[in-house]
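Hi there,

Here is the structure I promised to pass on, with my notes underneath. I hope they give you an easy way in.

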Amino acid sequence: MRATKWGIPTLIEAPDPEESAKLCRKLGFSFVELNMNLPEYQHIHVPLLRSVMDSYGVYFTIHLDENMDMCGFNSRVADAYMQTLLDAIRSARELNVPVLNMHLSKGVYFTLPNKKTYLYDMNREHFLGRVRETIAMCEEAAGGEVTICIENTGIYALSFIQEAVELFLQSPLFGLTFDIGHDHSAEGVDKPLLLKHKDRLRHFHIHDALGRKNHMVLGTGELDLPWYIALAEQNSCRAVLEVKTAQALRESAEWLRERQFI
């Protein structure tokens with residue numbers, strides 16, 4: 001039996017959790033990654049989601065809001081994001097959600113004549129201090145029952161982001177998500193850090209890519225997909241088939257079946 005468990009993303013065309021669960025089950029996959037960027041998931045409705053899980057025999061992971069930034073200089077805004085994160089962790093515990101997927105923010109930058117200057121880099125003590133606070137508060141809220149996976153978004157060439165990732169990985173609460181299309185579109189800048197910590201890989205976002213275009217149907221781009229899928233297998237990771245339409249999901253699922261990856 002394959003070690004990797006496959007799931008689907010929340011689609012714009014099917015944002016309702018029951019619609020998502022029905023599609024997930026029809027495709028023979030295990031879970032749906034709820035996307036908290038969507039208005040439907042600004043609040044995690046635990047009783048509704050528990051009912052859907054029971055009805056369709058699937059479970060959920062959670063993709064946290066991509067705009068979430070606990071390190072901002074406006075403490076009221078940063079604290080609101082922190083509370084949003086902590087609320088999501090508590091809901092995840094109630095639903096036995098195994099993984100919350102989180103982006104890191106590179107913050108605001110100024111474009112100077114010869115370079116980009118990142119405010120978090122200039123104020124690294126503030127930035128890393130907030131990272132440490134985030135780790136401590138998440139550990140308290142999680143109680144060892146969930147994993148928070150940091151997703152690469154093509155920014156791991158930035159030294160202050162690398163330092164933040166290293167801090168997160170000092171805590172057993174945190175793992176890594178490998179979004180293979182993000183790395184490809186960023187010309188491979190994320191891969192060295194991810195492979196340095198490949199023992200902490202817990203989650204994958206799998207889609208094909210061509211140049212800077214990604215989230216493509218499997219087999220229509222230029223990625224060495226079998227290599228990435230084998231890496232996910234090594235760590236018994238979960239993998240979201242992160243394409244954007246139901247038809248793309250069906251075509252990609254067929255590509256996986258034809259090659260006996262599922």
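Let me start with the enclosed space: searching the whole structure turns up 1 cavity of 30 Å³ or more. Its volume comes to about 100 Å³. There are 14 residues around this largest cavity, and D69, M70, C71, L104 and S105 are the closest to its centre. Strand 4 (99–103), helix 5 (124–142) and helix 6 (159–168) each give at least two residues to that lining. By class, the lining of the largest cavity holds 10 nonpolar, 3 polar and 1 charged. Please keep in mind that this is a predicted model.

Now for the open spaces. The largest pocket holds about 350 Å³ of space. Of its 19 lining residues, D69, S105, K106, G107 and V108 lie nearest the centre. You will recognise two of those names: D69 and S105 are also among the residues closest to the centre of the largest cavity. Helix 3 (75–95) and helix 4 (119–122) each contribute at least two residues to the lining of the largest pocket, and that lining divides into 8 nonpolar, 8 polar and 3 charged residues.

The second largest pocket has a volume of about 260 Å³. Here 17 residues form the lining, with T10, N35, E66, E242 and K244 nearest the centre. Sorted by class, they are 6 nonpolar, 6 polar and 5 charged.

Next, the aromatic residues. The whole structure contains 11 aromatic pairs. One of them is Y118 with F160, a tilted pair at 5.6 Å centre to centre and 50° between the planes. Y118 belongs to strand 6 (residues 116–118) and F160 to helix 6, so this pair ties together parts that are 42 residues apart in sequence. Both Y118 and F160 are buried. Another pair, Y120 and F127, is stacked, with 4.8 Å from centre to centre and 20° between the planes. Are these two rings buried or exposed? Y120 has 3% relative accessibility and therefore counts as buried, since the cut-off is under 20%. F127, also at 3% relative accessibility, counts as buried too.

These two pairs belong to a wider group: F73, Y109, Y118, Y120, F127 and F160 form one aromatic cluster. There is also a contact between a charge and a ring to look at, where the charged end of K191 sits over the ring of W227, 5.2 Å from the ring centre.

Finally, a word on strand 9 (residues 201–206). Which strands does strand 9 pair with? Strand 8 (residues 174–179) pairs with strand 9 in the parallel sense over 4 bridges, and T177 stands opposite H203 of strand 9. Strand 12 (residues 238–241) also runs parallel to strand 9 and is joined to it by 4 bridges. Across that pairing, F204 has A239 in strand 12 as its bridge partner. And why call strand 9 largely enclosed by the rest of the structure? The reason is that 5 of its 6 residues are buried.

If you open the model with the cavity in mind, D69 and S105 make a handy place to begin, as both are listed among the residues closest to its centre. From there you can go on to the largest pocket, where D69 and S105 are again among the residues nearest the centre.

Happy exploring, and do write back with any questions.

Best wishes

Conventions:
Residues are numbered from 1 along each chain as its sequence is written. This is a predicted model: local features need pLDDT of at least 70, side-chain atom pairs count only at pLDDT 80 or more; totals for chains, interfaces and linings use all residues. Side-chain values use heavy atoms; hydrogens and water are left out. Buried means under 20% relative accessible area, exposed over 50%, partly exposed in between (1.4 Å probe, protein chains only). Two strands pair if DSSP finds at least two bridges between them. On a 1 Å grid over the protein atoms alone, a cavity is a set of points where a 1.4 Å probe fits but cannot get out, and a pocket is an open set with protein on both sides within 12 Å along at least five of seven lines; lining residues have an atom within 4 Å of a point. Grid points are joined across faces, edges and corners, and a volume is the space filled by probe spheres set on the points. Ala, Val, Leu, Ile, Met, Phe, Trp, Tyr, Cys and Pro count as nonpolar, Asp, Glu, Lys and Arg as charged, and the others, Gly among them, as polar. Rings of Phe, Tyr and Trp (its six-membered ring) pair if their centres lie within 6.5 Å; planes under 30 degrees apart count as stacked, over 60 as edge-to-face and the rest as tilted. A charge sits over a ring if NZ of Lys or CZ of Arg is within 6 Å of the ring centre and within 35 degrees of the ring normal.
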